[in-house]
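Reader: I'd like a close look at one spot in this model, a loop residue with an unusual backbone angle. Could you start there and then work outwards through the rest of the assembly?

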Amino acid sequence: MTATTLIHAEASPRRLLKALASQEALLAIAVIGLAIIVGLYNPRFLAMRNLSDVLLGNAYIAVAAVGMSMVIISGNIDISVGSLIGVLATVSGTLAVEGAPIIVTWLAPLVVGILVMAFQGAIIAYLRIPAIVVTLGMLSILKGGLIGVTGGKWITDLPDSFHLANIELFDAVPMPVFLMIVATIFAAWWMRYSAPGRTIYAVGGNAEAARLCGISPPRATVMVFALHGFFAGVAALLYATQLRVIQSTVPPNLELTIITASVVGGVSILGGVGTVIGSTLAAILIAEIASALVFTDVSPYWIRAVQGVLILITVIADILRRRRMARA
Amino acid sequence: MKLGLAIALMSATLLAGTAYAAEKRWDGADDLPVNPLACSAGEASAAPAAKPYDGGQPTNAPDKAGKPISLVDVPKLIGIGYFNATTKGMQDAAKALGNVAAKTDGPTEAKIDEQIKFIDNYITSGVDGILFAANDPVAIAPVLKKALSKGIHVVGYDANSTPNAREWFVNQAEFNGIAKAMIDSMANEAGEDKSFAIVTSTFTTPNQARWIAEMWAYAQKCHPKLKWLETVEAQEDNNLSFNQATTLINKYGDKLSGLFGMTSVATPASAEAVTKAKLCGKVAVVGLATPNAMKPYVNADCVKSVVLWNPVDLGYAATYVMRAVVDGKLKPGATSVEAGKLGKLNVVNGSEILLGAPFIFTKQNIKDFDF
Amino acid sequence: MSEIPLPQIAKRVAPWWLLRHETMLALILFVALIILGALNNRFLTLDNLLNQGRLTTEVGLIALPMTFIIITGGIDLSVGSIVGLCAILLGYSWKTFGFPLPLAIAFTLVVGATAGFFNGVGITRLRVPPLIMTIATLALYRGLAEGISQARSVRGYPEWFYFIGQSDLFGVPAQLWLLLIAIVVAGIALDRTTFGRTLYAIGNNETAARFSGLPVDRAKLIIYTLSGLMAGLSAVVLVSRVTTTRSDMGIGYELDVIATVVLGGTSIFGGVGTIWGTVVGLAMIQLLKNGLALTGVKGDATIVVIGTVLILSTLVASLLQRRRGV
């Protein structure tokens, strides 16, 4: 205990790094620890097939949480992402059924995602309306618009080649897991080492100070939202191409799941702190909890309550850890 | 140390949760009695004593017999395939009748308080009749009674309200009929002594809860060796349903021989999970679903039978029933009603009109349907 | 957020009150009412307006403490789940514990307040940011509602209980009286008491408020508890109106409530906002939905309009504020 305290008392940049690293360590240990505990109860949980299915089925949440984390770190929030993913999945699926080249069906959600989110970012940044207002409004607009246009008609008869999520790289790595890892590593690297990436932290930490340092906070905000739109596009693509039916509706409460992953991942809602590695680990942890509760025969009526308790414990453990660091 | 504490707490919570073992009996959460049908089709099930009419009546409804009427249809939610199909049936009926204008409007999520607001608004705006599919049978009753009290005719379909809050209810298929079709198909496809699990929307969705309760009762009575493993919730979301079905497959492995999908979302998602796990033929998928979503799996022989009524017919029948009520042709005590191309439909349970037996789609006939 | 003036200042400088967000919003609302009224003669009737009041009371009751919370720069996402939990416990304590119904109602309110208090403790003692704390309890409280109810509904309350949700008192829906009283009390508390001033001070600069010796933590604890209490009251009104309990009651209320409050001009960054603005926001959303529906606009198009109005009205208000050169 004393040894660690001493280390943390060192120069502040290193302390910050340590803090970030151990935030992710906490989640990683929780992910592994939970797997072991559940594995003791029901060894089938540890089967390779099950662990990879947990990742496969929830990779889209992790990818969307990467973008969401950037938005939150920059001091904003986005409530419209669930609706947007519903819209983008529908756009992609509709193009596929209409016979557009597959590459177009895959790129379209990314492009539309970037455009919609950059537009929202511009309203937030240049017209200076709080992000929660703009994205709350956009949630309604996208959702109502989607229902109005499609009437919720299911998209079926998708061509086989459309199913990006079913591709396995080198016959071993499923595409969703690959994209999740690449997105996380790329985003983490970019945010830590590139100049534009650092501006996200600067703007989220103190917009006024960032402006004085020559950073344009509005431009940074638009950039963050555009990137978030890109990741939402990737998430929508995984969401749309996993199954043979696209519902053309807004996935229920998806925005809350994504925000929860970001927040549990240690991204401070006050902006300026956090990493996307934490949010990806948190998305995995949340998915793992959901699966673990089925494996441990928790009464289905109580599953959500136990889930809530586990999320609360993770969050509070993180906060307590941070406070101890701050005190050290 | 804090971490250890957190993990200890986590495991304690898990164990505490485990203490609440899975429920022994599924009773549909509304404590209504279950009424399983006879096991074999040949065996005549004791016809229930004819119940007297138990619906409500509008007060001082204007006499619009033969005159044009405007109807509003407030389904559980708008923007999903199922209620698009019922809407299409209503439009078909309106066209066939010629003197009915029908409009569908409702909440964008299956929320009872939103649905109440929609019905309330249409009472204010003044319509001749309201068609509804209730998100909750009791919660919707006050607003429907208000409609009746203002002289508006009220007919339900798909999901009922308490009887005295509406005049008639068009029943797509009786709960015990669906339950029998589902359990018989499962016993037939998986085997009499095999184990199965269920993927449903939520435990509070009234129709799904009733079906599961009736399935439980019927399985106890007619297929006692079928083993009931567990039921999981998956909202009405494709990917969530897929994940839940996959989790069940991974959890039970060889023990799992069948999956029930209780919604038109859960069934194709369960079929996809079975396909992805390369267990077609080993894990039977039986469920309620619409044909278009199921065609790939039925054609690939992964799913043998899909249970459903025709939702287009359901909307069609509801509109005809409403017209008959307004015209005074369907009065309390009637035993049947004419419903256009559907012919004569029978009155059951006092104030319900039965669409017919549930339809079973198979590889042979599924290509004939497009919805 | 230096361009947003303190409400105190705006209030003292007479001509500017016209340009205040709430006033602008009230004018927009007024114009919308006239237009919708002209389009449909059933819209602007006393009956319809009072009925709309009945339907929006549940959201309104929660929007009042939410205004307090957002003024301090906080947020409470768990209110919808508290409504669900309280609704379930009302029925459960009455039916399973055999509490007499008045006691069950009191118990429900206590549970609501406790749920809010728990949020407050996490936020003030453990210093968990409000959004994180309440997003976690959003999942927890809903889960408890599901677990306790075992997906069962409780129905068949005594006739007198339905009075709150379904009857009229002096020609006005009974629950609307509750809302009106709550509005007056909340308005006075925010505008005329030290407590209210403390909330603005926290929202403007929490550290400064702390150093000025203001009871920051106590004030926060009070408002989150209040939020839970009002969510409990809202649950009682809702159960009385719809005559049954479901564990999914109140899902999504948090977004409706937050939309109402921010539409009413309360700044999500804290420090700015009034109860009067929230009331106008509440009326605006409900009457727009109602008016559009009566005019024949369908549900999906209505939510598009509501979303657009939310963004545009905030835009107009902020542009006007900026134009007066603050």
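Author: Arg128(A) counts as partly exposed in this predicted model, because 16 other C-beta atoms sit within 10 Å of its own, and a residue needs 20 or more to be called buried, or 12 or fewer to be called exposed. You'll find Arg128(A) in the loop between α5 (102–126) and α6 (131–150) of chain A. What about the backbone there? Arg128(A) has a positive phi of about 55°, and it is not a glycine. As background, most residues other than glycine have a negative phi.

Let's follow the chain back from that loop, into α5(A) and its partner α4(A). The axes of α4(A) and α5(A) are 8 Å apart and make an angle of about 150°. The crossing of α4(A) over α5(A) is right-handed. On the α4(A) side, the contact is made by Leu84(A), Leu88(A), Val91(A), Ser92(A), Leu95(A) and Ala96(A). Facing them from α5(A) are Val104(A), Thr105(A), Ala108(A), Pro109(A), Val112(A), Gly113(A) and Val116(A). If the spacing of those numbers looks familiar, here's the background: an α-helix has 3.6 residues a turn, so residues three or four places apart point the same way. By class, this contact has ten nonpolar and three polar residues, and no charged ones.

Helix α4(A) itself covers residues 81–97. Its 17 residues should span 24 Å at 1.5 Å a residue, and the end C-alpha atoms are 24 Å apart, so the two agree. It is also mostly covered, with 14 of the 17 residues buried. After α4(A) comes Gly99(A), with a positive phi near 90°.

Now go the other way from Arg128(A), into α6(A), and you run into the contact with chain C. Here 37 residues of chain A are in contact with 36 residues of chain C. On the chain A side, α6, α11 (254–264) and α13 (303–327) each give two or more residues. The largest share comes from α6(A), which puts in 14 residues. Sorted by class, that side of chain A has 25 nonpolar, eight polar and four charged residues.

Chain A also touches chain B, where 44 residues of chain B are in contact with 46 residues of chain A. The elements of chain B that each supply at least two residues to its side include α1 (2–19), α2 (81–97) and β7 (227–233). Also on that list are α7 (238–252), α8 (266–276) and α9 (291–299) of chain B. Of these, α1(B) gives the largest share, eleven residues. The class split on the chain B side is 18 nonpolar, 18 polar and eight charged.

While we're on chain B, here's how it is put together. It has 371 residues, 60% of which count as buried, and it contains ten helices and 14 strands. Looking at contacts in chain B between residues at least 6 apart in sequence, 75% join residues at least 24 apart. The chain is divided into domain 1 (69–172 + 310–356) and domain 2 (174–308). The centres of those two domains of chain B, taken over C-alpha atoms, are 29 Å apart. Seven residues of domain 1 of chain B are in contact with five residues of domain 2. The domain 1 side of that contact has four nonpolar, two polar and one charged residues.

Over in chain C there's another residue to set beside Arg128(A). Phe170(C) has a positive phi of about 50° and is not a glycine either. Its loop runs between β1 (168–169) and β2 (172–173) of chain C. Phe170(C) counts as exposed because it has 6 C-beta neighbours inside 10 Å.

For a buried case in chain C, try Ile69(C), in helix α3 (residues 46–71). With 29 other C-beta atoms within 10 Å, Ile69(C) is buried. Leaving aside neighbours within four places in sequence, Ile69(C) is in contact with Gly74(C), Ile75(C), Asp76(C), Ile223(C), Tyr224(C) and Ser227(C).

Last stop: helix α13 of chain C, residues 275–294. Its 20 residues reach 28 Å from first C-alpha to last, close to the 28 Å expected at 1.5 Å a residue. Of those 20 residues, 19 are buried. Just after α13(C), Gly296(C) takes a positive phi of about 100°.

How values were computed. Residues are numbered from 1 along each chain as its sequence is written. Chains are lettered from A and ligands numbered from 1 in the order in which they are written. This is a predicted model: local features need pLDDT of at least 70, side-chain atom pairs count only at pLDDT 80 or more; totals for chains, interfaces and linings use all residues. Helices (H or I, at least four residues) and strands (E, at least two) are DSSP runs, numbered from the N terminus. The expected span of a helix is 1.5 Å times one less than its number of residues. Two residues are in contact if their C-beta atoms, placed from the backbone, lie within 7 Å. Ala, Val, Leu, Ile, Met, Phe, Trp, Tyr, Cys and Pro count as nonpolar, Asp, Glu, Lys and Arg as charged, and the others, Gly among them, as polar. Domain bounds come from an automatic or database domain assignment. Axes are lines fitted to C-alpha atoms, for helices over the stretch in contact, and angles run from 0 to 180 degrees between N-to-C directions. A crossing is left-handed if the near helix is turned anticlockwise from the far one by less than a right angle, and right-handed if clockwise.
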